[in-house]
Amino acid sequence: MATPHIHTPRSQKSQLGCEVVLTDLGRYLQVPFVSLAKCVGAMPSQQRLEEMRGNLIQSEILTDDGLEWKDFIRPARMSEEMTFKSLKGIISGILEQVPNCGVSYLSNPNQTPISERQNTSRPDGYLVRASNQTAPRTHWFDIAVPFEFKKERDIKAPRDNEHKIIWSLHNIMREDPCRRFAFGITIEDTQLRLWLSNRAFLAVTEPINCFEDINSVISLFYALGFASVSTSLKGLGWDPTVERIYAGEQNQYKFTVGDEVFTTTRELATYGADSMVGRGTRVYEATDAKGKKVAIKDSWREIDRQSEGEILEKILASCEKKLGAKEFADAKRYFVGVRLWKDVTFDGASDETVNPMVGDEHNSTWRWEPIDLKPILSDRPHLSATGDVPDSGKLSAFLPTQLGIVGRKDTGIPQRVHARIVFDDVGVAVKDATSLANNLSCLSDGLKALSYLHKAGWVHRDFSVGNVIWAGGIGKLGDFEYAKEVDSITSHDVRTGTMHFMAVEVENQTYLFRPITPNLRPLGRRKPHDSSPPRDPPFRMNFLHDIESVWWAFVWIFFYHTDTNTAMAPADRSFDVHSQWTQFQLAFPGAIGQSSREHFFTNSETLQSICDTVLSETCRNVCDCIPHFAATLQNGYRKAEAAYPLLALDRSLLEDMHREAAGYLDGAQQQANGIYLCALPNLLKQKRPRPESESLPLGNQGKRPRHD
């Protein structure tokens with residue numbers, strides 16, 4: 001079977017990656033210059049400012065009257081490089097007046113910074129850690145503040161600078177687990193803007209005139225220099241509770257959690273850091289001081305949310321209360337074990353994203369501005385991220401695949417708090433398992449964990465192939481950040497979960513299987529004066545949606561892979577990898593609101609034909625129940641919604657649905673022995689797979705052609 005080799009030049013990948021980031025981000029927060037500048041660090045007093053101006057005059061950086069930069073002239077008919085070359089003397093002259101300054105300025109670097117993620121972009125200048133300024137080549141790890149310049153001020157110049165500085169800030173945040181936030185600076189003609197990227201938002205200031213507002217320029221670079229005085233450089237966004245260590249050719253990290261220190265041994269999942277705004281989740285295998293293996297998750301949750309550890313603690317308490325002693329003991333086997341969880345703190349305070357408008361006299365002047373870039377759709381593969389959920393490779397305005405919050409309307413400036421949780425269980429996620437039997441066993445155990453969760457009165461709301469791990473011969477359910485009690489009347493974001501595995505009702509935010517017969521008043525009867533049309537109940541996730549997510553995970557396993565025997569067959573004309581990949585893209589389009597997902601789930605007869613047509617015979621024999629599983633779910637929805645607006649989500653329906661779902665998975669598992677999986681992108685790249693054991697490091701399989 002001949003298939004084309006997929007190849008995308010590195011420069012095109014970077015360009016595509018930039019488009020994805022801009023599309024994903026969608027907007028930034030615009031604030032007054034003084035509001036964001038004060039977040040940098042200590043501003044000079046008026047007396048200190050006058051002293052600095054005098055020193056700059058003496059150094060011939062300012063003119064004798066102190067009203068103009070001596071060598072920095074307004075953009076004229078000269079190259080962009082020459083126009084901004086004199087900035088080095090200005091910035092250096094200001095930083096030299098900060099005792100123990102930890103950064104220095106480099107302009108027009110002639111080499112691309114070293115990147116762990118093959119980033120080929122190069123800022124026009126940057127503040128770099130002073131301890132690394134003599135290195136033969138700068139690493140993105142050492143860039144404190146990137147700069148972008150344009151000598152024009154037309155419509156195109158600010159937009160071009162915006163895109164470039166956002167890409168640079170994105171690379172700093174995704175490359176380095178030691179970074180909590182990062183500042184950036186853009187100049188178009190005479191207009192200087194300060195940028196801030198953290199996990200809650202991207203912010204930019206209204207511009208100042210860097211030729212006329214001399215005091216603001218001096219104050220800004222003084223504050224940046226002052227923020228670098230601490231050896232940890234925490235004022236410029238570095239994390240004093242994380243230490244990078246070099247183990248051979250790989251970087252490892254020491255994370256402090258409470259009073260304990262854990263040293264990473266390998267990445268498990270870092271794709272959460274690819275999105276500029278969000279949880280920024282990174283997960284590592286690590287060891288404690290005694291060498292015991294654990295998993296550690298570093299993330300940023302919404303400031304008004306409970307931590308994952310607290311949520312799991314409440315789930316276990318509900319299980320203990322509502323399940324029998326035997327069931328409770330069994331339930332604990334199917335939930336990941338948590339060792340400890342702590343919010344990150346230093347200097348006696350919790351590590352939270354800043355709100356630049358708190359206590360500010362300009363508090364009413366901030367606003368959200370859209371990034372002017374239409375959603376980009378592409379079939380090209382993107383940069384890889386460890387542990388990501390593979391998808392179709394198509395981009396949309398709702399990337400990455402880990403949605404978290406979709407369509408939430410902010411009433412204020414969002415804030416997040418930095419948190420870590422340590423798990424006792426370390427294993428292989430469903431998406432990374434290559435043995436189909438182990439894969440399906442893991443999925444079945446995840447369903448069992450859901451059954452206990454549902455009996456205890458909770459819904460998970462984020463079941464996916466990345467949230468169930470195979471550890472010690474048993475599947476364990478994790479990632480409880482979005483779990484909530486069924487009878488809870490509060491909800492931060494109703495449409496939660498991982499895009500590929502989201503129930504279609506959750507995606508559409510409506511009950512799709514309610515009776516279609518309109519509830520009309522009998523003909524001729526007048527409307528009572530005191531009556532009003534019944535209000536639809538608010539949409540809430542329920543246990544059926546969790547079980548449908550299991551179905552989507554089941555489908556994903558077979559449509560993203562084929563068996564290795566078929567993959568290695570030299571000319572198997574009965575299997576067309578392109579046809580299966582096309583159907584995978586329709587089922588998992590990577591975007592909210594795509595009708596192909598709903599059609600794929602609801603049209604059972606068509607689904608059966610698709611399975612018969614595109615899947616290999618080996619896989620088809622195992623997953624022949626896919627359309628039957630879908631039909632069972634649809635019948636369950638109809639039973640629950642038959643008396644709409646009343647919903648009949650009783651214990652009998654819960655038990656029936658779990659029993660039937662478990663039957664489908666168990667039946668498939670019995671047919672799966674000896675079968676190993678090969679991801680379709682490997683075939684599209686003409687790579688020959690081979691069966692592998694589940695002991696291989698995570699990240700070696702299951703990687704998707706990148707988004708986030």
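Select Lys297 first and look across to strand E18, where Ile421 stands opposite Lys297; strands (E, at least two residues) and helices (H or I, at least four) are DSSP runs, numbered from the N terminus. The model is a predicted one, in which local features need pLDDT of at least 70 and side-chain atom pairs count only at pLDDT 80 or more, while totals for chains, interfaces and linings use all residues. Residues are numbered from 1 along each chain as its sequence is written, and side-chain values use heavy atoms, with hydrogens and water left out.

Next, colour E13 and strand E18 (residues 416–423), which pair in the antiparallel sense over eight bridges; two strands count as paired if DSSP finds at least two bridges between them. Widen the selection to the seven strands of the open sheet, which is antiparallel and runs in the order E9-E10-E11-E12-E13-E18-E14. Strand E9 (242–247) and strand E14 (338–343) stand at the edges, each with a single partner strand, so one side of each has no neighbour in the sheet. On average, neighbouring strands of this sheet are turned by 35° against each other, direction ignored.

Now add helix H8 (residues 308–322), which packs on the sheet and touches E13, E14 and E18, contact meaning heavy atoms within 4.5 Å. The direction of H8 makes about 135° with that of E14, where axes are lines fitted to C-alpha atoms, for helices over the stretch in contact, and angles run from 0 to 180 degrees between N-to-C directions.

From the sheet, turn to the charged side chains: the structure holds 33 salt bridges, each being a side-chain nitrogen of Lys or Arg within 4 Å of a carboxyl oxygen of Asp or Glu. Select Arg279 and Glu302, whose closest N and O atoms are 3.5 Å apart in a salt bridge. Arg279 lies in the loop between strand E11 (260–269) and strand E12 (282–287), whereas Glu302 belongs to strand E13 (residues 293–302). Both Arg279 and Glu302 are buried, that is, under 20% relative accessible area, with exposed meaning over 50% and partly exposed in between (1.4 Å probe, protein chains only). Add Arg305 and Arg416 to the view, since salt bridges that share partners join these two with Arg279 and Glu302 into one network.

Finish with Arg180 and Asp351, whose side chains meet in a salt bridge (3.1 Å, N to O) although the residues are 171 residues apart. Arg180 is buried at a relative accessible area of 8%, and Asp351 is buried at 2%.
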